[in-house]
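Biologist: I am new to this structure and should be grateful for a close look at one part of it. Please begin with a single residue and work outwards from there.

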Amino acid sequence: MERKAFKMFLNKGSEAEYKKRHEETWPEIKDLLKDAGVANYSIFLDEETGVLFGVLDCHDEIKYQEIPLQPIMQKWWDYMKDLMQTNEDNSPVSISLTEVFYLK
């Protein structure tokens, strides 16, 4: 298992809508993530800066790398693009973070 962490960037004033949409995450997205070996996935918000911090456990790196290719993920990105900074393909601008400490 590999732990992954990353940061994304929420548009100012989008906090409530971002939270609402994630409370209503489509079952197909949840299934896709679980089927790809993703577990213990959390997203935290720094309310002062609008920076989102995601952390998850990845149990299958190959399947994890295929998530962006799935049509349902691309549809989710399109649905979320008005709330956050995105790339040309509507995927969130995401910066991987390096783990420097982990207490088991």
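Biologist: Where does V38 lie?

Modeller: The model is a predicted one, and what follows describes that prediction. V38 lies in strand β2. The relative accessible area of V38 is 8%, so this residue counts as buried, the limit being under 20%. Not counting residues up to four places away in sequence, V38 is in contact with L33, L56, D57, Y64 and I67. Another residue to consider beside V38 is E61, 23 residues away along the chain; the C-alpha atoms of the two are separated by 9.3 Å.

One of the contacts of V38 is L33, and L33 leads to helix α2. The buried residues of α2 are I29, L32 and L33. Around the helix axis they cover an arc of only 95°, which places them on the same side of α2. Exposed residues P27, K34 and D35 are carried on the face of α2 that is turned away from this buried side. Among the elements that cover the buried residues of α2 are β2 and α4. After α2 comes G37, which has a positive phi, near 85°.

From α2 the description passes to α4, where the buried residues are M73, W76, W77 and M80. Viewed down the axis of α4, these residues fall within an arc of 100°, and therefore line one face of the helix. The packing partners of the buried residues of α4 are α1 and α2. P71 and K75, both exposed, sit on the face of α4 turned away from the buried side. M73 shows the link to α2 in detail: leaving aside residues up to four places away in sequence, M73 touches I29, L32, L33, I67 and P68. L33 and I67 thus appear among the contacts of M73 and also among those of V38.

M73 and I67 also belong to the largest nonpolar core, which has 21 residues. Within this core, Y18, I67, M73, W76 and M84 touch the most other members. At least two residues are supplied by each of β1, α2, β3 and α4, and the largest share, four residues, comes from α4. As a general background, nonpolar side chains in soluble globular proteins tend to be buried together.

The surroundings of V38 should also be set beside the largest pocket, which holds about 1200 Å³ of space. Its lining is made up of 39 residues, and those that lie nearest the centre are F6, L33, Y41, I43 and L56. Two or more lining residues are given by each of β1 (2-9), α1 (15-23), α2 (27-35), β2 (38-46), β3 (51-58), α3 (61-66) and α4 (71-80). The strand that holds V38, β2, provides the largest share of the lining, eight residues. By type, the lining comprises 24 nonpolar, nine polar and six charged residues. L33 and L56, which lie nearest the centre of the pocket together with F6, Y41 and I43, are also in contact with V38.

A last residue, S14, may be added for reference. S14 is found in the loop between β1 and α1. With 9% relative accessibility, S14 counts as buried. Apart from residues up to four places away in sequence, S14 touches D82 and L83.

Definitions and conventions: Residues numbered from 1 in each chain as written. Predicted model: local features only at pLDDT ≥ 70, side-chain atom pairs only at ≥ 80, totals over all residues. Heavy atoms only, no water. 1 Å grid on protein atoms, 1.4 Å probe; cavity = no way out; pocket = protein on both sides within 12 Å on 5 of 7 lines; lining within 4 Å. Points joined across faces, edges and corners; volume = space filled by probe spheres on them. Nonpolar A, V, L, I, M, F, W, Y, C, P; charged D, E, K, R; others polar. Buried < 20%, exposed > 50% of the residue type's maximum accessible area, 1.4 Å probe, protein only. Arc of directions from axis to C-beta. Contact = heavy atoms within 4.5 Å. Core = buried A, V, L, I, M, F, W, Y, C linked by side-chain atoms within 4.5 Å.
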